[in-house]
Protein chains: 4
Amino acid sequence: MKLPKELLLGLIPEHMLDRGLIVLEETLLKPIKILLEQRKLPKEGWNDDTIRLLLKILSSMDTDKDPKAARIGEREARVASPLISELAAGFVHGVGRSGVLIDPQPKAAGGSLMYQIANRLSEDILKKFGVENIKGAYILPLATGMSISLTLKVARDITGGRDVIYPRIDHKSPLNAISLVGLHPKIIPCKLDGDTVVSDPNEIEAAINGQTAAILTTTTFFPPRQADNVIAIAKIAKEKGIPHIINNAYGVQSPKIMKMIRSAIFKGRVDAIIQSTDKNFLCPIGGSIIASSDENFLRKVAHSYAGRATAGPVVQFLAAVLSLGENRYKELIQQQQNCYSLLKDLLGNLAEKFGERLLEVDHPIAIAMTITKPRIAHEIGAKLYTSRVTGPRGLPKPDSTFGTCYDEYPTQYLTINASIGVEETDIRSTVERLEKLLKKIPLS
Amino acid sequence: MKLPKELLLGLIPEHMLDRGLIVLEETLLKPIKILLEQRKLPKEGWNDDTIRLLLKILSSMDTDKDPKAARIGEREARVASPLISELAAGFVHGVGRSGVLIDPQPKAAGGSLMYQIANRLSEDILKKFGVENIKGAYILPLATGMSISLTLKVARDITGGRDVIYPRIDHKSPLNAISLVGLHPKIIPCKLDGDTVVSDPNEIEAAINGQTAAILTTTTFFPPRQADNVIAIAKIAKEKGIPHIINNAYGVQSPKIMKMIRSAIFKGRVDAIIQSTDKNFLCPIGGSIIASSDENFLRKVAHSYAGRATAGPVVQFLAAVLSLGENRYKELIQQQQNCYSLLKDLLGNLAEKFGERLLEVDHPIAIAMTITKPRIAHEIGAKLYTSRVTGPRGLPKPDSTFGTCYDEYPTQYLTINASIGVEETDIRSTVERLEKLLKKIPLS
Amino acid sequence: MKLPKELLLGLIPEHMLDRGLIVLEETLLKPIKILLEQRKLPKEGWNDDTIRLLLKILSSMDTDKDPKAARIGEREARVASPLISELAAGFVHGVGRSGVLIDPQPKAAGGSLMYQIANRLSEDILKKFGVENIKGAYILPLATGMSISLTLKVARDITGGRDVIYPRIDHKSPLNAISLVGLHPKIIPCKLDGDTVVSDPNEIEAAINGQTAAILTTTTFFPPRQADNVIAIAKIAKEKGIPHIINNAYGVQSPKIMKMIRSAIFKGRVDAIIQSTDKNFLCPIGGSIIASSDENFLRKVAHSYAGRATAGPVVQFLAAVLSLGENRYKELIQQQQNCYSLLKDLLGNLAEKFGERLLEVDHPIAIAMTITKPRIAHEIGAKLYTSRVTGPRGLPKPDSTFGTCYDEYPTQYLTINASIGVEETDIRSTVERLEKLLKKIPLS
Amino acid sequence: MKLPKELLLGLIPEHMLDRGLIVLEETLLKPIKILLEQRKLPKEGWNDDTIRLLLKILSSMDTDKDPKAARIGEREARVASPLISELAAGFVHGVGRSGVLIDPQPKAAGGSLMYQIANRLSEDILKKFGVENIKGAYILPLATGMSISLTLKVARDITGGRDVIYPRIDHKSPLNAISLVGLHPKIIPCKLDGDTVVSDPNEIEAAINGQTAAILTTTTFFPPRQADNVIAIAKIAKEKGIPHIINNAYGVQSPKIMKMIRSAIFKGRVDAIIQSTDKNFLCPIGGSIIASSDENFLRKVAHSYAGRATAGPVVQFLAAVLSLGENRYKELIQQQQNCYSLLKDLLGNLAEKFGERLLEVDHPIAIAMTITKPRIAHEIGAKLYTSRVTGPRGLPKPDSTFGTCYDEYPTQYLTINASIGVEETDIRSTVERLEKLLKKIPLS
């Protein structure tokens, strides 16, 4: 990974050449060399050109780039035009082998290296940001929900059970995930603790029986729903010998949640932790990371994917974390916390001004504010969309309590996230636009 | 979709401007207009620039491009750097909604349009190339095997059965697919008919019972395994009221197979037909098309995906078929047939010269040649890899008959594909390199 | 310049479509429409995607993009590969016609429009930033020096003279420029006014005679050389009927210099003002803008270029000013002034600390500091290069006074620029590295 | 220029890694290594990715890529946005130094290397394709006409003369070139030899006197004008001691013309040969190559450019010839000759059918056909433009004989080129469209 000086001698004065080679080295070649040697998240983020070069080098190792190859399989990663290959960043063979997703693909040395490196970084970034007691991690080019499915399938095969104990979260994807693998959700109702909607570990324990295939807990959902107490539940899972899957969709950004998961692994049983790549790492939607303290479990999950998968979410994750580096990710976490505080202040003032109040929930990312009639929460949510505010949720919806995780939550409310990557302007203009809406509907 | 002439008047002479506008219209804008109006596969393929412009226009409609948006959800498709968005061709929100994969995503008007258009084209291309009696089709950004899983899940829920009747195909992905959704493969052994390994519809019929969740048939596998008789099996499925899923992995390229499926739909029951996007349409690995004559079944499959999915395989498919157009796809089918004939001739000659023979199997894409001891088939396969030939399979492997679809196939053999996109040089150089290997191991 | 809504109806819900079309309009299409209508520098800078779209639309109007064209000239802008066209942003025909650089090229409607638009913007930006009394301007894809040559050629043909009166500036390019067109520099020596090296309008007036072809003045050179008094000289030029060319290489960034030129035009004679595109507008090196209050003179200069020219510097200028917009250019001017003040403070402190002082020169962009023996100015310059500081000049060089514009300037000095685009970190780290060097050579 | 295997060990099986490294080496790294070692035109053309990598490596050596640089000059190649740098392929510093165009630029080690390499290739390609007796060559990012100017400037300074002896060519650019440097064209009228318009070396000799600065000859112009007899003229130039400049605009594609120039150098005096990069090497308009058998003359020309120049035409030339390689350039020459023959046949038949005939002129690239009244040649040219045929010229124009190189050429005519890069379809559709036009205007 060096441009030998002797190749360039005699073209320009040597002191200029030396200077040029230093810049080339430092900005382009050295970061790649260090990455390949260490296979860890770099301290400093890379510039886009360096990332492009890494991807180009790796994708140039695949057989579809070999002009001397004779390609006579039924699947040779041929492309209709150069653009088509470009749309896959050159990794046209996807990732994995027919039987095992994480196994190297003989036609794609480069794609396989890329996947390995991305997986190493996925493990490293989780360790660096809180759960250093995992034993491995890799990226699944699948939605978080689908990845949960794969883990539940493994739990099902281990236990032979048919139910998934599921402290109530009103989100369709995990329910789909349970259903896909032929299991049944055994939903544990939540309780109200002040404003907060919480699950009760005792009830979870009580629900376990011979039919139990797994416990599926959740760390991140909208307030007033709070994270499940994964430490207590992990202990129960350990005692009872039940696989425990944690849906940690966007929890990596929260040092508090990550610390909680670390303790759960330490003190109890955690078979798999699944997190979204896009919700945590500023990359396009489509991938998730599965991590575990049990390498065997991880390997079984990889055996459950049927076929070779698109490389896209893997490449995108890899590029995103190389772009961020450890330092910028730390800054982003700090920025998330600052924006959260700002949101709390601004929204608190707004609430007071308009006869509402913030719900008291211990939630590191989102905040909920009451909405009092004649104001209608879900209408305010819809109007915010028209005002070009994306993301807020006004609950309950007209005909259902789905979304609140509780059958008769005492008030309507609106949730707003200050999640990783959010900027001060997002917070401020949301509150401003919300203010305009509230003004139009005075409380009396 | 027009650049108004009046915007440009007064800058250059009008006759030049007219000429320029004609070129702009014809090469760039008109194809896009026609596509949006008709939502059909274009007759003529597009150039890459036109495809890029379409993708840019569509992706520019998503909320992440809106500088006036206030983005305060937990998932806002933020990206770590411009490269990251570029790696997703700008479609950073993925496709689908939490509950239903094919539903429009409010944060991604453009991405949703893109997905809809791609789906229309997927339906149209299947209709134009042989199965005009389907009622709908869409792209799943999943491996063929995973897509089979989703269909089996729906079949399972409809029937309440637990077995999948599966005429033996020695391929891991479909077995994984069956297992993922908690079903059990009921493998129907094949018979030998001359050289050919075939399944027997009568045995399939005989295997059906109250536990049957679905029949999973296959149209494309390596010779000597022949396609299942999907027409006869579809009739049985209809009579018995059993869901019938066809794994048509790389069958779109074969007019004969497509015609057979068309008849199966016409005469019997076919709940879903799944085909690989990459194996048929020269695009990167990672997607599949599910089609059906039953819109209701299709919709249920879309409800089974848990979460939002990566847009990558969808964009890649869309770009690939726009690049091809109807005419070039026809040419590619013709070229496949020519290469197949060439392969038959060259390989036939080679076999004769070296004391081998071609297996007599009715297969539209691949050919198998006997390998006689002391030659070892799987070693020849491995040596071809080292000779930079990718794709051939030497069977059986040392310790297993898996791959042959038959317990005691009377001879070793090597399979070679002339699949869509293959070029004459691939065929010729494969046979040449194989000749070199065979020379080294004379039969006596 | 609109995507008609009816083309997209029926694919996604109408309220999403409306939202998507708004984003598309506002971010991508509307800025282009407004530019084409108004042909002025936009208030707000554009994002790169919008610029790319404009370039793509325009370049798609050229005949080389026309698949129905029959191209049988000796020069048809054919390219060896797609990359080659990409390297020219699609504008492969260059700009101009054989005889006249600014005339539309029939084979390149799009390239010609692009050049016209760029020229309008070059005129507009000069007017907006200080010289609203010019009558026209256009971009020459030539170095500033070469552009000066073209203007001197016109002056030569008008006057029939053979000398260029040239208040001494020690810069090779203008001297080359004079020599290229067969003229002779009549160098007017500078005077010392305190620390400042200045030219004397009276001496210029005295030098005019029947052989005078033109006066070439300069607004921007390193201190201690100050700008020529172009107002006084323009008055002389007017009185004596001598063409007056102003080399305003990097003066656009200075409101003060621009105001001075405006007065010169108002009160005297200015035939042409030449400015570098890269030194003023953050774009790659290679272009210049020629402006004039005399349209006739401008047209004659365009007749002087021999052949068709590369479009590169034109496209780059266009893209750069669209990217900047009026507002960001104003901010950059402000930032330049802030950095200048910072440099003055930091360098002043440094000088004091190390027994040096700043030269007292009225210069809006650069500052000079004395260098006292045993310190050797040009060695310090060389060492700064090795310390990765680019741009400072240590004068005089060992064997020549060239560079100082004065035969026996009383002290050595080092010049440092705070020119447009410079950032605080450049200033700070320059002063830090300089401090390290000075420490090593104490004055006594 | 190697990716060390040890950096990648342990991620994928070693035999796959080996295979991947071979592909990487052969397709991407080795061609670059060989180019840098040999600095010659490669035998085989490169793919675009390899070219991109070379450009990226080189441009990454420039100081603007150095994040540790402190940039405090007045010209630091800053850019307004990433797109702006991309538009220059990263070579934002241009080429050359203020005084000398071909000298390395300290701020741009990479750009300087790029220019050096491009220059070596320009020399090598001229040598390989016919004029192996040149001593050097380099690229001027200037139109051919402007480059002629620079050479005439040097000739002017050497001789002190004021006239350029110029065998009549009716082309504006060279006349502009002569005028720019303050010289006067002494136009030598042509003679008629059958259909052919030719210059007479004897008249050229007779025109030489004490005022002669240079002889400017031409190898390529439209028929019926034939190439000047540069061999005879070179001999005269040598005898009389007059600088001789050859305008070889698009002559590189003709082995015959190149051989003639080689003889001219061998037998006489040739100070400079100028060729267009775009007309010969399938790259965008904007550059020229100057070659000479006199290194000293070449160096003086480089001293004549005033300032630093755009790197664009240099990069584009480099990319184009790397894309072509020696082999494809040979093929293109062959294809030009085939197309020329085809054009002769088709146009000959057409002429006969419509009462016209081909002019008998010895011209390797273009053919002229008579146009007889009532047909009007220049109107036919204009109509062909409307029919989307670009390049043909109908002469004379209404009010002038300019273009014919002869005062009273006996017939009207239309010229059509079969120049390098032309394809059979261009020829065929031109003749077809011309036929339609001729049909509408029968001769009687």
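**How the chains meet: reading two interfaces**

Trainee: What makes strand β1 of chain C and strand β12 of chain D a pair?

Mentor: Strands pair if DSSP finds at least two bridges between them. Here β1 (residues 70-71) of chain C and β12 (residues 389-390) of chain D run in the parallel sense over two bridges, so the rule of at least two is met. C:R71, for instance, stands opposite D:T390 in β12(D). Strands are DSSP runs of E with at least two residues, helices are runs of H or I with at least four, and both are numbered from the N terminus.

Before we go on, this is a predicted model, where local features need pLDDT of at least 70 and side-chain atom pairs count only at pLDDT 80 or more, while totals for chains, interfaces and linings use all residues. Residues are numbered from 1 along each chain as its sequence is written, chains are lettered from A and ligands numbered from 1 in the order in which they are written, and side-chain values use heavy atoms, with hydrogens and water left out.

Trainee: How do you know that chain D is in contact with chain C?

Mentor: Contact means heavy atoms within 4.5 Å. By that rule, 94 residues of chain D touch 94 residues of chain C. Buried area is the accessible area (1.4 Å probe) that two parts lose on being put together, summed over both. For chain D and chain C that is about 7600 Å², with 55% from carbon and sulfur atoms. On the chain D side, D:I72, D:E74 and D:I285 lose the most area to chain C, together 12% of what that side buries.

Trainee: Why is the meeting of D:D278 and C:R75 called a salt bridge?

Mentor: The term asks for a side-chain nitrogen of Lys or Arg within 4 Å of a carboxyl oxygen of Asp or Glu. The side chains of D:D278 and C:R75 meet at 2.5 Å, N to O, so the pair fits the definition. Chain D and chain C have eight salt bridges between them. Helix α12 (residues 312-353) of chain D gives the most to the side touching chain C, with eight residues.

Trainee: What makes the relation of chain D and chain C a two-fold axis?

Mentor: Two copies of a chain are related by a rotation about an axis and a shift along it. The copies are superposed by least squares on the C-alpha atoms of residues with pLDDT of at least 70 in both. Chain D is laid on chain C by a turn of 180 degrees and a shift of 0.0 Å along the axis, with an RMSD of 0.0 Å. That is the relation of a two-fold axis. In chain D, D:V181 comes closest to the rotation axis, its C-alpha at 2.0 Å.

Trainee: How do you know that the copies meet through the same surface?

Mentor: 100% of the interface residues of chain D are also interface residues in chain C, so the copies share that surface.

Trainee: How many residues does the contact take from chain B and from chain D?

Mentor: Eight residues come from chain B and eight from chain D. Together these chains bury about 830 Å², 44% of it on carbon and sulfur atoms. In chain B, B:R19, B:Y385 and B:R388 lose the most area to chain D, together 73% of what that side buries. The interface has two salt bridges, and D:E26 and B:R388 meet in a salt bridge at 2.9 Å, N to O.
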